[in-house]
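Work through the two exercises below with the structure open beside you, and attempt each one before reading its solution.

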Protein chains: 2
Amino acid sequence: MNTREEVLDFVHHGAERFLPHLSIDCAIFGYHDHDLKTLLIRHHGQENWSLPGGYIGRHETLTEAAHRILAEKTQLTGLFLQQFYTFGDSATRMNRIKTEQTHNTTYSKVGVTLSPDHWLSERTLSIGYYALVDYLQVVVTPEFLVDDYCWLNVADIPRELVYDHNEIIQKALLTLRAHIFQQPIGYNLLPDKFTLPEIHSLYETILCKQIDRRNFRKKLLTLGLIRQLDEQRKIGPHRSPFLYEFDLDNYSRALEDGSILSF
Amino acid sequence: MNTREEVLDFVHHGAERFLPHLSIDCAIFGYHDHDLKTLLIRHHGQENWSLPGGYIGRHETLTEAAHRILAEKTQLTGLFLQQFYTFGDSATRMNRIKTEQTHNTTYSKVGVTLSPDHWLSERTLSIGYYALVDYLQVVVTPEFLVDDYCWLNVADIPRELVYDHNEIIQKALLTLRAHIFQQPIGYNLLPDKFTLPEIHSLYETILCKQIDRRNFRKKLLTLGLIRQLDEQRKIGPHRSPFLYEFDLDNYSRALEDGSILSF
DNA sequence: TTACAATGCGTAAATTCTACGCAATAATCT
DNA sequence: AGATTATTGCGTAGAATTTACGCATTGTAA
């Protein structure tokens with residue numbers, strides 16, 4: 001929604017195209033060079049940051065909706081996207097009053113005041129997804145109602161996000177850390193060919209702890225999760241590291257066998 | 001809903017009390033003596049079995065709704081109940097036609113035909129929960145629209161459940177098997193004091209594989225997850241096994257430390 | 001050429017996992 | 001009462017894995 005007209009149409013006719021009472025919120029994790037960041041946006045007139053989100057089209061599957069919303073925010077398609085929990089307990093989601101206020105300051109930008117029984121004012125549960133991207137590749141073009149956006153290191157996220165979005169991010173992070181042992185997370189955050197230091201740094205960053213470089217390599221190689229190539233990369237004034245690539249066949253086979261990563 | 005009147009009220013006024021487009025389905029796993037079963041119900045006029053489920057009250061949190069629905073089906077409260085995924089992709093959920101047919105044969109029992117735009121005919125996403133109970137303790141009292149119910153061994157579940165319920169059960173099972181290493185699952189399925197053979201058999205059943213009795217004991221004891229008591233239980237013509245209890249403090253501490261079970 | 005910083009590869013010790021052996025126990029059978 | 005039987009409690013040797021490093025190699029810059 002990039003124009004005033006689109007927003008107005010959404011407010012007045014959105015309920016015909018989208019399911020009410022239900023939204024999708026995306027914790028978009030951006031990784032680059034030892035930093036793990038999250039994309040936050042600030043809607044017009046609001047003090048606090050929020051996660052990017054959207055509604056589910058009536059003729060769209062849930063997965064399609066999640067990918068569409070993610071693409072609308074990042075301009076990227078085919079990203080790694082994973083549902084992790086549905087939120088419907090928070091007092092801020094049950095308590096209608098606060099919701100109306102925050103929504104109304106936002107929609108005042110298009111001159112609309114939402115009545116308490118407007119579909120955007122009603123109680124809404126949120127399905128949480130997390131996505132992984134290289135945030136340098138992402139071009140964020142804020143929508144009409146979004147005043148500002150930022151990539152924040154996960155350690156620096158303010159405690160006062162909108163609604164229960166702090167809880168959503170925390171759960172997303174926990175899930176990501178659990179999934180890193182069971183899914184080729186790196187496959188979605190690294191170029192097709194990457195160096196060992198690169199993937200090593202990725203794991204250290206996501207898990208927030210030091211991992212011995214040499215044992216890390218041994219494990220990934222022994223399990224057959226990555227494959228060493230004949231090429232090397234030139235990096236500054238140091239020894240050229242070899243390039244590696246994921247062996248996805250072996251990856252899924254290892255998972256079926258029950259052999260699981262751990263560090 | 002145990003009377004014709006309650007059902008009629010639900011059909012005609014349910015949309016005022018419940019959120020549309022969204023339901024909760026419960027995979028209720030019942031364990032007893034080396035058997036893992038699931039509670040299935042069959043609605044009036046329907047050929048296939050389905051999972052017990054229900055809708056979310058407008059003034060109820062999601063968790064409250066899940067517990068209420070579970071209690072309505074099992075007459076038990078305070079059970080272990082865990083959300084695991086939200087389903088919104090299945091063709092049977094998108095395709096309105098099939099939904100109407102199955103619903104209508106059910107509601108014909110109270111002489112109602114649902115129109116295509118009735119709230120019960122609309123597209124509905126489902127939030128999946130799984131619960132753990134000792135199925136011998138459960139008193140199932142089928143609701144008015146439920147013709148039949150059964151406890152089926154998870155291995156014997158028919159391939160043609162209603163909607164995407166096969167998929168839901170499979171995902172519930174996978175989640176349960178993953179969670180058994182990270183949560184005191186046994187705490188919710190065993191009496192406060194239990195014997196080693198009892199908890200051993202529970203793990204073997206859920207994981208569908210043999211676990212060495214002696215190593216199993218060693219591991220649980222070493223990690224401090226269970227505590228041996230001074231009491232023993234009299235069992236038939238054999239040596240009396242000691243009783244054990246869970247050490248929940250140690251359990252959560254072990255989890256934080258990252259020490260995780262595995263067999 | 002030398003110094004330096006980073007990578008690739010190996011090895012020994014510590015720890016954990018796995019596969020059993022076997023004694024102890026509580027009935028039941030003779 | 002003593003032998004029998006099925007089951008539980010506990011221990012130990014060997015295999016396998018994890019952990020903690022040592023050190024040579026490499027590409028560039030001084």
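**Exercise 1.** In this predicted model, how much area do domain 1 of chain A and domain 2 of chain A bury between them, and what percentage of it is on carbon and sulfur atoms?

*Solution.* Begin with the bounds: the domain assignment of chain A places domain 1 at 4–179 and domain 2 at 185–257, and their C-alpha centres lie 32 Å apart. The contact draws 12 residues from domain 1 of chain A and 11 residues from domain 2 of chain A. Together the two domains bury about 1,100 Å², with 69% of it on carbon and sulfur atoms. On the side of domain 1, A:Y31, A:H34 and A:R177 lose the most area to domain 2, together accounting for 52% of what that side buries. As for specific pairs, the rule finds 0 salt bridges across this interface, while the count of residue pairs in polar contact, both at pLDDT 80 or more, is 4. The touching side of domain 1 of chain A divides into 7 nonpolar, 2 polar and 3 charged residues.

**Exercise 2.** Which residues are closest to DNA strand C, and how many residues surround the strand?

*Solution.* DNA strand C is surrounded by 21 residues, of which A:P197, A:R214, A:R217, A:R239 and B:R214 are the closest. By class, this surface has 5 nonpolar, 6 polar and 10 charged residues. Turning to individual atoms, a side-chain N or O atom of A:R213 is 3.3 Å from a base nitrogen of the strand. Phosphate oxygens of DNA strand C, by contrast, lie 2.9 Å from a backbone N or O atom of A:F242 and 3.0 Å from an N or O atom in the side chain of B:K219.

Technical notes:
Residues numbered from 1 in each chain as written. Chains lettered and ligands numbered in written order. Predicted model: local features only at pLDDT ≥ 70, side-chain atom pairs only at ≥ 80, totals over all residues. Heavy atoms only, no water. Domains from an automatic or database assignment. Contact = heavy atoms within 4.5 Å. Buried area = accessible area lost by both parts, 1.4 Å probe. Salt bridge = Lys/Arg side-chain N within 4 Å of Asp/Glu carboxyl O. Polar contact = N/O pair within 3.5 Å; in protein donor to acceptor, adjacent residues only side chain to side chain. Nonpolar A, V, L, I, M, F, W, Y, C, P; charged D, E, K, R; others polar. Near = heavy atom within 4 Å.
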